[in-house]
Amino acid sequence: MTTISLTTDFGLQDWYVGTMKGVIQRIAPGATVIDISHGVRQGDIRQGAFMISQALPWFPSDAVHVGVVDPGVGSSRRAVVIETDGPVLVGPDNGLFTQALRTLTVRGVWSIANIDWISPEVSSTFHGRDIFAPAAARIAGGAHPSEAGPELTGLQSLELPEPERHGKAVLARVLHVDHFGNLITSMETRLFPAESLSDLAPELPWGTGMRPEYAGIKSCYHDIPDGQFGLIAGSTGYWELAMNCCPLAGFCHQAPDQPLPFRP
Amino acid sequence: MTTISLTTDFGLQDWYVGTMKGVIQRIAPGATVIDISHGVRQGDIRQGAFMISQALPWFPSDAVHVGVVDPGVGSSRRAVVIETDGPVLVGPDNGLFTQALRTLTVRGVWSIANIDWISPEVSSTFHGRDIFAPAAARIAGGAHPSEAGPELTGLQSLELPEPERHGKAVLARVLHVDHFGNLITSMETRLFPAESLSDLAPELPWGTGMRPEYAGIKSCYHDIPDGQFGLIAGSTGYWELAMNCCPLAGFCHQAPDQPLPFRP
Amino acid sequence: MTTISLTTDFGLQDWYVGTMKGVIQRIAPGATVIDISHGVRQGDIRQGAFMISQALPWFPSDAVHVGVVDPGVGSSRRAVVIETDGPVLVGPDNGLFTQALRTLTVRGVWSIANIDWISPEVSSTFHGRDIFAPAAARIAGGAHPSEAGPELTGLQSLELPEPERHGKAVLARVLHVDHFGNLITSMETRLFPAESLSDLAPELPWGTGMRPEYAGIKSCYHDIPDGQFGLIAGSTGYWELAMNCCPLAGFCHQAPDQPLPFRP
């Protein structure tokens, strides 16, 4: 009963995700397939990497996680299987597993080259269907990652800027804007205790409309006064800026990866 | 092979729903998880309650239904398990199960407090992951709802205005605007037979563009003349206003919970 | 462990798809249900037919495929089960399986009329829940398609115009605009070898903004120069027009089924 997760930028409008699941079902009919997200912005490897890293710790530790945010599909970028002390990761070698790998130990990396593992005719545009889904299904069915192909070294990884302290100020970034319009910052709650942020206020690039007032650190959404926004210790392990029942992102031009200064 | 359903306002863009499924898979690997909807409007308990009540009768009677439309997450609102003569319901105590409970008999209500049932570190923003998903998985795995924590009384419930008759007129509401732009009214077909509505016409808040003509009661979408709209006995058990292959909601400013008068 | 796939125009906002899955779970609890897409445009049978035909070959050959793009629901159009030499197809008789059936041999077609196979009260608006899901679940549970009801002949099918050659020019169509803004053309790569297209350029109905330059035939998205668009042998078996990491569809008014000329 192995679990396979899928994270892609394919969206749910087309048949792409369903086709990957059909392929998995043919090869590993007992597997449970769970969607993490197919809403990664087109080609945004950094956003995909964040999403995968957020979901992974909550899955069975022997799961197989497939990530396909792959602007280099069909080019010379490598297709890899990564064995760790926990889950197995399957996807393009483009940094998509950077954050997930921070809390895992890599045991081996293999290129996916075994012709029994991939589609007889590999397209140049849909390796999710032709390479990654069948490889994940093989592993879910009991094959060892080393059967995928030749062993590799030197995984690609993303550079992820850490928040910088300038005197009392902190220069953070927005990691993610979620469905609720909350801005997830790059400040980890374990590295930035509440005391270190209580005298600071964020500088947001407001739009021309209403400009909500900053209410400071609050313990839950419900405690943020109506029409204001607060800083919350999010479920992600990072501080997030949020309004109560209203999307903060709708009031400002804040986008992922943009600088987000907190100043006295 | 217990079934767990999920209804939330989380959307499908983020990793939130997938993470709940990962948690369930760890605790109850044999469970079948089915999404009812993750498209409830942000914090709209009433819409979530309607969606849950519409889907529930079609599920296995021993299913566990998780609802997370929870603007009070992290505040003092209670997290509950509700045992009924049919399914078990899991979610915040904010009225989200009001309509579903109308056709069920409650056998007991328990607070979710057992530390073995919840995440070791409960966040203040994502009880779907930290409390509701693991509690549902415990129940799907065979635990009795009473093991969740102390028994409770006095469930919250929503006030849901019934249609009012004023002489021959009926003052109804829009319960839901669906993907097809159909307006589902608050008039149940069993309480409002076709004869009682055949001499009435709805008053819609039209926009500035085309104003479709009312074709009266029709037996199916196909029978509504092109460019007109009709009243149909919907699959929901309520009368709905619809056009044939064209979203009626696009022509008017009708929103859920707005008054919808039918007059002679 | 039979697989049931679902393709509809229901969207994922409402409870419609989840309810179909609840019905299936009650009747065939061991079945694996996979969504192909619920993003077919409202009532667009042709788009649904294309999506189904794209996904089908990748599923287990004994799967049951349910398609519900059904503007005629509740009218006299027939509800059918189609047995083939591969999968079983379940849906309205409106041409939705036209393209999928091109590579299958039909063994028999039956009307869904058996009252044990359908909901006790069949609505006139939601046969996905009341007829198609329960029929598919019966078949997944081992029933033979012929138990559905009387045998039928004369399936409806769509007329799908083939690309026309006019001298050296080819008059194709857009079959589909996908999530990435790629335009999938009606030219099959096996019928139109690269040589036959290398001296031609597509005429797109550009908008008023930037007009990307045509880069000719490229082997993958990555090889298309930034700001240009290319012609790629797509994973669909058809040629597609695409930009690299940027939605081509955003620059032109090209819509499905529109003519797409390629001229010298």
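Begin by selecting strand 9 (residues 183-188) of chain C in this predicted model; six of its six residues are buried (under 20% relative accessible area with a 1.4 Å probe, protein chains only), so the strand is largely enclosed by the rest of the structure. Strands here are DSSP runs of E with at least two residues, helices are runs of H or I with at least four, and both are numbered from the N terminus. Residues are numbered from 1 along each chain as written, chains are lettered from A in the order written, and local features need pLDDT of at least 70. Side-chain values use heavy atoms, with hydrogens and water left out.

Next, add strand 8 (residues 169-177) of chain C, which pairs with strand 9 in the antiparallel sense over three bridges, where pairing requires that DSSP finds at least two bridges between two strands. Look for C:Val174, which stands opposite C:Thr185 in strand 9, and then follow the hairpin of these two strands, with five residues between them, to C:Gly181, which takes a positive phi near 75°.

Now select strand 13 (residues 238-243) of chain C, which also pairs with strand 9 in the antiparallel sense over three bridges; there, C:Tyr238 is the bridge partner of C:Glu188.

Finally, move to chain A and select helix 3 (residues 127-140), in which 13 of the 14 residues are buried, so that this helix too is largely enclosed by the rest of the structure. Helix 3 of chain A bends by about 30° at A:Ala133, with a proline, A:Pro134, following within four residues; the bend is the angle between axes fitted to the seven residues ending at a residue and the seven starting there. Just after the helix, A:Gly142 takes a positive phi of about 115°.

Methods
Predicted model: local features only at pLDDT ≥ 70, side-chain atom pairs only at ≥ 80, totals over all residues. Buried < 20%, exposed > 50% of the residue type's maximum accessible area, 1.4 Å probe, protein only. Expected span 1.5 Å × (residues − 1).
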